[in-house]
Amino acid sequence: MNAMTPSNQLIVLEDVSKMFGDFQALKDVNLTVKPGEKVVVCGPSGSGKSTMIRCINRLERHERGRIFVDGVELTDKRTDIDAVRGEVGMVFQQFNLFPHLTVLENLTLGPLRVRKLSKADAEARAMDYLAKVHIPEQAQKYPSQLSGGQQQRVAIARSLCMEPRIMLFDEPTSALDPEMISEVLDVMSDLAETGMTMIVVTHEMGFARRVADTMVFMDAGEIVEKAPPETFFTKPRSERCQTFLQKILAH
Amino acid sequence: MNIFKHISTARTALLILLFGFAVSGCSANWGWYVVSPSTEQGRINLGFLLGGLKYTLALSITAIAISVVVGLLIALPGLSEKRPVRAINRVYVELVRAVPILVLILWVYYGLPQIADISISVFWAGVIALALSDSAFQAEIFRAGIQSIDKGQHEAAQSISLNYTDTMRYVILPQALRRILPPLGNQLVYMLKMSSLVSVIGMQELTRRANELVVTEYRPLEVYTILVLEYLVLILIVSAGVRWLERRLRSDERQ
Ligand SMILES: Nc1ncnc2c1ncn2[C@@H]1O[C@H](COP(=O)(O)OP(=O)(O)OP(=O)(O)O)[C@@H](O)[C@H]1O
Ligand SMILES: [Mg+2]
């Protein structure tokens, strides 16, 4: 453990700022996540939700402030970045499965190349996680042969095959047809019950109420509101959050 | 389906060409006996001409194999975020592209042995010159192909901790290769044609042999007509092959 890290926090963001050219996408963001905690992040489009979680596994590089993941500070050092990425899985809105590989190959690539598992072990692990996302029978298919909901579940299984301690989800159901949203949310709820630490960017408020320990509302690159779901949904303090909630809970 | 269409196009082209020669044969003074399979000398001449095929193929295929590898190695720094690294790519591509292939062939064969103090065979001089020249184009093709792959693929690879080499090898290049197969096929066709230039340093490929036969038989019209047909058939077959490969890879991906 790094001496500077606040104790018993798995993720720490300290005054994190991020610029895209002249545009400030994150403004002094502070956030801490305990092991096993589920954080749901919401906010209007362009508010910096994706940018924030992408900084946590270094898909974006923050300019100011500090980010710690399990005591390791994210710096430009390759070893730090690799250490952090090894702990953090990520699920994208657009699935980003590898289209030229079968489902099984998508799942075993990381375990084989990064974790150096044997082929048999990697495949056993892959089948295990495919069963957990309820599609073991699709192992030999290519991603394009699956429905959107199935593809996203494969993407979740692909991340889990790396056995991360933290899972980040960036609007995992936004690209899905309505009838497929619940199958993905169910898998995520199951995952939450296993004690996985999760940060989920989503506007699925039913899911948020069920699963979240902490709700975060972002606007214009800032965390405007942070509260347990009961308080968050019943008496949000800021006006911006109230307006936002009214809008998305209306439909 | 497509392959038959392609072959039948090739056949039509050939027929039109042969028909054209037959008609023009009425006025011009043709002497097909030089390459007539029914005479002893005709068969020898024909065998001599066709014997160049293996050198044309060997030259082109060796050169393109090398240029693909060199091209990829030159393409990669071109994708870097760092300006000085990208400059390596730019300088190489601009310099190599600026030199005509024929000039490069002459320089490699006559010039290179003097500065490097090596003796170089006609074949390898040809291969090096063709490969060098082509590698600049290959580098551009690879760069465009790799850049066409969605950013999400890189991010997904990073998120499962793949390093740069593995990301390229297992995720990006297999997808990029499928996309750049048509321009790669074009380069192979281009290379087959450009290999005729290696005749100037004495490589016994198709063009050189035709030239030599013209000198002994003094029948340029017939001999060069055969040469035209040789390239035509060769290139139509290669194009059909490339198309077939393209379709196979596409059905593999099932997208
Ligand atoms: N690579 C980039 N270059 C320039 N600007 C960017 C880049 N990525 C994001 N931005 C800008 O940063 C701001 C925050 O973007 P971000 O994607 O984090 O928002 P978001 O909250 O995830 O929005 P959405 O709900 O639409 O996904 C936006 O205004 C966006 O235009
Ligand atoms: Mg986003």
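Start by selecting A:Ser45 and ligand 1: a polar side-chain atom of A:Ser45 sits 2.6 Å from an oxygen atom of the ligand. Keep in mind as you click around that this is a predicted model.

**Around ligand 1**

Stay on the ligand and add A:Gly46, where a polar backbone atom is 2.8 Å from an oxygen atom of ligand 1. Then pick A:Ser50, which has an N or O atom in its side chain 2.6 Å from a ligand oxygen. Now show the rest of the surroundings. The residues around ligand 1 include A:Pro44, A:Ser47, A:Gly48, A:Lys49 and A:Thr51. Also on that list are A:Phe20, A:Phe23, A:Ala25 and A:Glu171.

**Crossing from chain A to chain B**

Next, select A:Arg54 and B:Glu155. Their side chains meet in a salt bridge, with 2.7 Å from N to O. This pair goes from one chain to the other: A:Arg54 belongs to helix α1 (residues 49-56) of chain A, and B:Glu155 to helix α7 (residues 151-159) of chain B.

For another salt bridge, go to A:Arg113 and B:Asp166, whose closest N and O atoms are 3.3 Å apart. Chain A and chain B have two salt bridges between them, while the structure holds 24 over all chains. Side chains of opposite charge can pair when their charged atoms come close.

**The whole A–B interface**

Zoom out and color both sides of the contact. You should have 23 residues of chain A touching 23 residues of chain B. About 2,000 Å² is buried between the two chains, with 56% of that from carbon and sulfur atoms. Which three residues of chain A supply the most of the area it buries against chain B? Select A:Pro99, A:His100 and A:Arg113: they supply 27% of what chain A buries there, more than any other three residues. A:Arg113 is worth a second look, as it is also the partner of B:Asp166 in a salt bridge.

Turn on polar contacts and nine residue pairs come up across the interface of chain A and chain B, both residues at pLDDT 80 or more. On the chain A side, highlight α2 (78-87), β6 (88-91) and α3 (103-113), each of which supplies at least two residues to the face that touches chain B. α3(A) gives the most, with three residues. Color that face by class and you get 12 nonpolar, seven polar and four charged residues.

**Inside chain B**

Now hide chain A and split chain B by its domain assignment: domain 1 is 1-51 + 216-255, and domain 2 is 53-203. Each domain puts 14 residues into the contact between them. Together they bury about 1,200 Å², 72% of it on carbon and sulfur atoms.

On the domain 1 side, select B:Tyr231, B:Leu234 and B:Ile235. These lose the most area to domain 2, together 35% of what that side buries. Which elements give two or more residues to this side? They are α2 (40-50) and α10 (220-253) of chain B. Color α10(B) and you have the top contributor, with 11 residues. By class, the domain 1 side has nine nonpolar, two polar and three charged residues.

Last stop: look for charged and polar pairs between the two domains of chain B. How many salt bridges cross this interface? The rule finds zero. Polar contacts do turn up, with a count of three residue pairs, both residues at pLDDT 80 or more.

Conventions
Residues are numbered from 1 along each chain as its sequence is written. Chains are lettered from A and ligands numbered from 1 in the order in which they are written. This is a predicted model: local features need pLDDT of at least 70, side-chain atom pairs count only at pLDDT 80 or more; totals for chains, interfaces and linings use all residues. Side-chain values use heavy atoms; hydrogens and water are left out. Domain bounds come from an automatic or database domain assignment. Contact means heavy atoms within 4.5 Å. Buried area is the accessible area (1.4 Å probe) that two parts lose on being put together, summed over both. A salt bridge is a side-chain nitrogen of Lys or Arg within 4 Å of a carboxyl oxygen of Asp or Glu. A polar contact is a pair of N or O atoms within 3.5 Å; within protein, one must be able to donate a hydrogen and the other to accept it, and residues adjacent in sequence count only if both atoms are side-chain atoms. Helices (H or I, at least four residues) and strands (E, at least two) are DSSP runs, numbered from the N terminus. Ala, Val, Leu, Ile, Met, Phe, Trp, Tyr, Cys and Pro count as nonpolar, Asp, Glu, Lys and Arg as charged, and the others, Gly among them, as polar. A residue is near a molecule or strand if one of its heavy atoms lies within 4 Å of it.
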